[in-house]
Amino acid sequence: MGNPKAFLTIHRKEAGYRDLHDRVQDFGEVEQTLNSHDRKLQASRCMDCGVPFCHWACPLGNKPPEWNDALYKGDWALAYRLLNATNDFPEFTGRICPALCEKACVLNLTDHEPTTNREDECAITEGAWRENLIQPQHYERNGKTVAVIGAGPAGLVAANRLNKMGYTVTVFDKNEAAGGLLRYGIPNFKLNKKVIDRRMNVLEQEGITFVFNTDIDLQQLASDGKLPQGEFDAYVVSTGTPTARDLNIPGRDLKGVHLALELLSQQNRVLAGMEFSKEERITAKGKDVLVIGGGDTGSDCIGTSHRQGCLSVTQIEIMPKPVEGPEDPANPWPAWPRTLKTTSSHEEGCTRRWNINSLEFLGKDGKLTGVRVQPIDWEPNPEGGRPKMVVAGEPEVIKCEICFLAMGFLKPEQPKFADNVFVCGDAASGASLVVRAMASGRDAAKKVDAYLTK
């Protein structure tokens, strides 16, 4: 390491967010960047650990000590090569990954000031784009073809890896552009879609064929062993988790009750230039908003609602309030701490409540006016397993004119496929992190290659 003692004198410094009152006026990315000098200083804090747990924590097996050292020494090209060796698209994870590596950092154990790996990763990659270090490459073809069904992070990584191995890859997707939840679930204020387009341009120039607006019937693939679009030597299914968890309580059909992705995907399409009629448009402008679900998707609904001009936002969660860290006794270092998370969207204004169960959507003339809820508590189940929900207060009504259901996604059930079909990402495991989906796509590419070359 260039400076193994830097962590003793240099404290963690994050780039932070744009001014709150400024950022809610647009959908530009909220995160700022450090200047090159400060970024190098942050990279220098990465210690010469005997056992670097960041490797263990990262699903991709990224090696922050190596590329942080190169960054500290000013060798941005080497830093990108080391980063890109394990991470196909670090410009994505550098913006939206929760940074499992940072929670497993030894500096997080000692003083809760881990190395800024995620921000360093983004800076390295943007530097590579800025210096034209990322250029289309051409690979010798081996004569075999692979179809990738789904252009989300898992499918894109699988396609990229297989293309580099020499396979002729065709990617099919039901949407009008690539990215999956990167494009249609994550708001632009966290990931500008030009970042995706920039990478897609390179993948297309490298020989990957993309076919959009094409919904593939996986049951037909399972029964026929091929697609109506043609027969391929192998198939990668990376269709994600298309079915959101719904809340089937009285009043669900009232106007104003929406699944979270209905809001998020439409807003991203609007920003891309697509037009919707007044009746189709989902907007929180001038309304009191209720978000049901306390995860990242719920947070994205909060930030989007503010930018649309809502009056207020309330977020409720049926589970108990997480511990207010930085440490989580139930998940000690180097495991991921399940502590209270406050996002940039929460900072923009939100009433947050936990242990709240939703009973009924209330309305007038077919339009939502509020949700009847009830405080609850959780008790250990004497028979084991999931704790029992018990009433802990009187029902009350939360006033709202629009409600977004952000309660996660159902794990898809896949049919029995032939040996040349490989399932990866959320389609295989259920909803998870983008970085885990990318790791799964990489593993799928290895399995395809092993199958076709055995």
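In this predicted model, the largest nonpolar core has 40 residues, and Val146 and Val236 touch the most other members. Two or more residues come from each of α6, β1 (145-149), α10 (153-165), β2 (168-172), α12, β4 (234-237) and α18 (434-453). The biggest contribution is that of α18, which gives eight residues. Apart from this core lies another, of 17 residues, with Leu247, Val257, Leu290 and Cys400 among them. As background, nonpolar side chains in soluble globular proteins tend to be buried together.

**Valine 236 and strand β4**

Leaving aside neighbours within four places in sequence, valine 236 is in contact with Val146, Ala147, Val148, Ile149, Ala158, Leu162, Phe422, Cys424, Ala444 and Val448. Val146 thus appears both in this contact list and beside Val236 as a core member that touches the most others.

Strand β4 itself is buried on both sides: Ala234 and Val236 point one way, Tyr235 and Val237 point the other way, and all are buried. β4 pairs with β1 in the parallel sense over four bridges, and valine 146 stands opposite alanine 234 in that pairing. Strand β14 (residues 421-423) also runs parallel to β4 and is joined to it by three bridges. Here valine 236 stands opposite phenylalanine 422, a residue that is also in its contact list.

**Strand β13**

Strand β13 (residues 402-405) is likewise covered on both faces, with Ile402 and Phe404 buried on one side and Cys403 and Leu405 buried on the other. β13 pairs in the parallel sense with strand β5 (residues 257-259) over three bridges. Strand β6 (residues 288-292) also runs parallel to β13, and four bridges join them. Leucine 405 is the bridge partner of leucine 259 and of isoleucine 292.

The strand pairings described above are set out below.

| Strands | Sense | Bridges | One residue pair |
|---|---|---|---|
| β1 and β4 | parallel | four | Val146 and Ala234 |
| β4 and β14 | parallel | three | Val236 and Phe422 |
| β5 and β13 | parallel | three | Leu259 and Leu405 |
| β6 and β13 | parallel | four | Ile292 and Leu405 |

**Helix α9 and the loop after it**

Helix α9 covers residues 117-130, and at 1.5 Å a residue its 14 residues should span 20 Å; the end C-alpha atoms are 20 Å apart, so the two values agree. The helix is mostly covered, with 11 of its 14 residues buried. The buried residues are Asn117, Arg118, Glu119, Asp120, Glu121, Cys122, Ile124, Thr125, Gly127, Ala128 and Trp129. They pack against α2 (36-44), α4 (64-72), α5 (76-86), α6 (90-96), α7 (100-103) and α12 (193-205). Of these helices, α6 and α12 also give residues to the largest core.

Just after α9, asparagine 132 takes a positive phi of about 60°. Further along, asparagine 142 sits in the loop between α9 and β1. Asparagine 142 counts as partly exposed because its relative accessibility is 36%. Not counting residues up to four places away in sequence, asparagine 142 touches Met165, Gly166 and Tyr167. From asparagine 142 to threonine 168 the separation is 26 residues in sequence and 7.9 Å in space, C-alpha to C-alpha. A polar atom of the asparagine 142 side chain lies 2.9 Å from the backbone nitrogen of lysine 144.

**Aromatic pairs**

With ring centres within 6.5 Å as the criterion, the count comes to eight aromatic pairs. One of these joins phenylalanine 53 and tryptophan 56, 6.3 Å centre to centre with 80° between the planes, and is edge-to-face. The two residues are three apart in helix α3 (residues 53-57), so about one helical turn separates them. Phenylalanine 53 is partly exposed because its relative accessibility is 27%, while tryptophan 56, at a relative accessible area of 56%, is exposed.

The rings of phenylalanine 89 and phenylalanine 92 have centres 5.4 Å apart and planes at 45°, so this pair is tilted. Phenylalanine 89 has a relative accessible area of 1% and is therefore buried. Phenylalanine 92 is buried as well, at 0%. Phe53 and Trp56 also belong to an aromatic cluster, together with Trp333.

Notes
Residues numbered from 1 in each chain as written. Predicted model: local features only at pLDDT ≥ 70, side-chain atom pairs only at ≥ 80, totals over all residues. Heavy atoms only, no water. Expected span 1.5 Å × (residues − 1). Buried < 20%, exposed > 50% of the residue type's maximum accessible area, 1.4 Å probe, protein only. Contact = heavy atoms within 4.5 Å. Core = buried A, V, L, I, M, F, W, Y, C linked by side-chain atoms within 4.5 Å. Polar contact = N/O pair within 3.5 Å; in protein donor to acceptor, adjacent residues only side chain to side chain. Pairing = 2+ DSSP bridges. Phe/Tyr/Trp six-rings, centres within 6.5 Å; stacked < 30°, edge-to-face > 60°.
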